2 protein chains.
Amino acid sequence: MNAFDAQTRPLKRMSLHEELAQKVAELIVGGELEPGSKVPEKELCEAFGVSRTPLREALKVLANDRLISLEPNRGAWVTPITPADVEDIYPVMGVLEGLAGELACARLSDAGIAQIRALHTEMEGQYAARDRAGFIKTNQKIHEAILVGARNETLSAQFQSLAIRVRQARYAAPVSDERWALAFAEHEQMIMCLEARDGAGLARVLRTHLDHKAETVLDWLDQKSS
Amino acid sequence: MNAFDAQTRPLKRMSLHEELAQKVAELIVGGELEPGSKVPEKELCEAFGVSRTPLREALKVLANDRLISLEPNRGAWVTPITPADVEDIYPVMGVLEGLAGELACARLSDAGIAQIRALHTEMEGQYAARDRAGFIKTNQKIHEAILVGARNETLSAQFQSLAIRVRQARYAAPVSDERWALAFAEHEQMIMCLEARDGAGLARVLRTHLDHKAETVLDWLDQKSS
DNA sequence: GCCCGTAATACATAATGCAAAATTAAATAT
DNA sequence: ATATTTAATTTTGCATTATGTATTACGGGC
C-alpha cells in the first residue's frame, strides 16, 4: 500500500513460459507453423534465445489447449483441424457467445451499446464498399465488444481458447457473397436485439450466426481435402 | 488400418507430466491441498519420486486451468474459489450442460435414454430413503451420462475443466431439504424432457438447475467467510 | 531377393546444478 | 519496544547434462 497504488498496476510481467506459449501460439495461428507439421523445438529455442526447459513448459500448456499434440518421445506436432473438430467446437462457441450476448444485454451501459452501434455503422459502410478486410476486422471488434461487455472472465477465457483453435481455418475460409450477405443480415438483427436489450433474442442470433460460420469453414475444409 | 482395429486403441500411455498434473489435481479437489495454501514443490517431488522438471511442467498446465496460480519467483498457490468465480463459472457451465442436453436429446439412443431413466429411478429410491451420499453419486452419473450422450469431446472437456474448479465447493456446500427437493423436482423435469426428446426444454431445465446449484454454493461461501 | 533382427544414431524426456531472487531472521538504530 | 536495515538461508527459474526411447540403417537368415 503506497502512494502510487493508483498508477501502478501489479505489473504482472509474464513469466518466460507464458510469453513463449503466446509467441508459439501466434506462430501457429499466423500460419508460420503449418497444421500437421512438427514443432521444431531446437529451432524455436534458438530463435527466441531460450533454453529448452521454458519452451517445453510452454509446449505443455499449448498441448493442454489442444493447439499442439505431444506424442510421447516423438515431440510436438501442430494439431490439424478436422471437420469433426469444427462440428464439435462451433456449437460450443455458439452457446458461449450466446451467453455473452445475454449478459452483455443486461450489463452493457447505453454508451457501450452505442459504441457497438457505431462499429456496426462502420461495418455497414465497409459492406457497401465491398471492403472485405475491413469488414472482417470491424466484425471481430463487435464480437470482442460483446464478449467484454458480458464481464465474465471465465466465459471470455473459454471462448478465446476455442476461437484460437479454429482461427486459422476461420480466416482462411473464403466467404461467398451470399454468406457475406447473410452474415451482415444477422449482424443487423444482433444490433436490434442489443438495442432492445433482448438477451434471449441476441443469444439465438449469435448461435445461428456461428452455425453458419461453421458451415462456411466446413465447406472450405471439405473442398480442401478433395 | 489393420485387422485388430476394433480391439486395439492407440495405447496412449500418459507422459509423466500429465500423470503428475492429474495426481496434483486430485490432491487439490480431494482437499489434501487447501485453497490458498502453497503448493509444496519439493515435498511433492519426493512424494511422487520424480524430479522437479516434470512436476513443474505439470504445475504450468494446472495454472493454465486456473487450478493453481503461479506467482513469479514466489511459487505455486492453490487458487481459492471466490464468490465472483462462482458467479462467473456456473452460468458458463449452465449453457454448456444445456447444449449437452440438447445434443443428448438428439443423439442418444432409446436404450441410452432408458439407461438414464433407470438411474433416475434409482435416485428416486435414494431420495425417498434420504440417502444423501447415494443420491449425489447417482446424480453425478446422470449428468455424466448426458454429457457423454452429447458426443462432443470439446464440450465435455470444457465442462470438466470448469467443473473441477468448483468441485471442492460443490461437494462441501451443504444442501438444505428445500434445495434437495427442488433439485429432485428438476431432475423429474429433465427425464421428462429427455424422453420427449425436447432438447430446448432440457437445456432450459439444466440451466436453471445449475443456477440453483450456484446459489447453494454461494450461500455456503458467504456464510463460511463470515 | 525379401523380411526380420540387431546395432547405431537421433531425439525426447527427466535429473541435476547454478545463479538470482525472495523470505527469514537478526541486529542496529530510532 | 518498535521499526528498519542487513545478512543468511531458502526457494525459484533456467540451463546444462545425463538417461531413456524411438527411428533408421545395416547385416544375416529364410
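**Exercise 1. Salt bridges in the model**

In this predicted model, the structure holds 22 salt bridges over all chains. State which elements of chain A are joined by the salt bridge between A:Arg56 and A:Glu41, and how many residues apart in sequence the joined parts are.

*Solution.* Begin with the geometry: the side chains of A:Arg56 and A:Glu41 meet with an N to O distance of 3.5 Å, and the cut-off for a salt bridge is 4 Å. Next, place each partner in its element: A:Arg56 belongs to helix H3 (residues 52-64) of chain A, while A:Glu41 belongs to helix H2 (residues 41-48) of chain A, so the pair ties together parts that are 15 residues apart in sequence.

**Exercise 2. The elements of chain A**

Work out how many helices and strands chain A has, and in which order the elements run from the N terminus.

*Solution.* Counting the elements by type gives nine helices and two strands for chain A. Reading from the N terminus on, the order is α-α-α-β-β-α-α-α-α-α-α. For the overall extent, the C-alpha trace of chain A spans about 65 × 55 × 30 Å along its principal axes.

**Exercise 3. The annotated span and the two domains**

Compare the record for chain A with its domain assignment, and then describe how domain 1 of chain A and domain 2 of chain A meet.

*Solution.* First, take the record: an unreviewed UniProt entry carries the annotation "domain: HTH gntR-type" over residues 14-81 of chain A. In the model this span is 53% helix and 12% strand, with its end C-alpha atoms 29 Å apart.

Second, take the domain assignment, which divides chain A into domain 1 (16-78) and domain 2 (83-225); the C-alpha centres of these two domains of chain A lie 29 Å apart.

Third, examine the interface, where seven residues of domain 1 of chain A are in contact with four residues of domain 2 of chain A. The two domains of chain A bury about 530 Å² between them, 65% of it on carbon and sulfur atoms. On the side of domain 1 of chain A, the residues that lose the most area to domain 2 of chain A are A:Val29, A:Arg66 and A:Leu67, together 65% of what that side buries.

Finally, consider the polar terms: between these domains of chain A there are zero salt bridges, and zero residue pairs in polar contact when both residues must be at pLDDT 80 or more. By class, the side of domain 1 of chain A that touches domain 2 of chain A has five nonpolar, no polar and two charged residues.

**Exercise 4. The interface of chain B and chain A**

Determine how much area chain B and chain A bury between them, and which element supplies the largest share of the side of chain B that touches chain A.

*Solution.* Start with the extent of the interface: 30 residues of chain B are in contact with 29 residues of chain A, and the two chains bury about 2,500 Å² between them, of which 53% is on carbon and sulfur atoms.

Then count the polar links. Six salt bridges are found between chain B and chain A; one of them joins B:Glu102 to A:Arg207, with the closest N and O atoms 2.9 Å apart. There are also 11 residue pairs in polar contact across this interface, both residues being at pLDDT 80 or more.

Last, assign the chain B side to its elements: helix H3 (52-64), helix H4 (83-107) and helix H7 (153-172) of chain B each supply at least two residues, and the largest share, nine residues, comes from H4(B). By class, the residues of this side divide into 11 nonpolar, seven polar and 12 charged.

Note on methods: Residues numbered from 1 in each chain as written. Chains lettered and ligands numbered in written order. Predicted model: local features only at pLDDT ≥ 70, side-chain atom pairs only at ≥ 80, totals over all residues. Heavy atoms only, no water. Contact = heavy atoms within 4.5 Å. Buried area = accessible area lost by both parts, 1.4 Å probe. Polar contact = N/O pair within 3.5 Å; in protein donor to acceptor, adjacent residues only side chain to side chain. Helix = DSSP H or I, 4+ residues; strand = E, 2+ residues; numbered from the N terminus. Nonpolar A, V, L, I, M, F, W, Y, C, P; charged D, E, K, R; others polar. UniProt positions renumbered as here; feature names shortened; annotations may be inferred. Domains from an automatic or database assignment.
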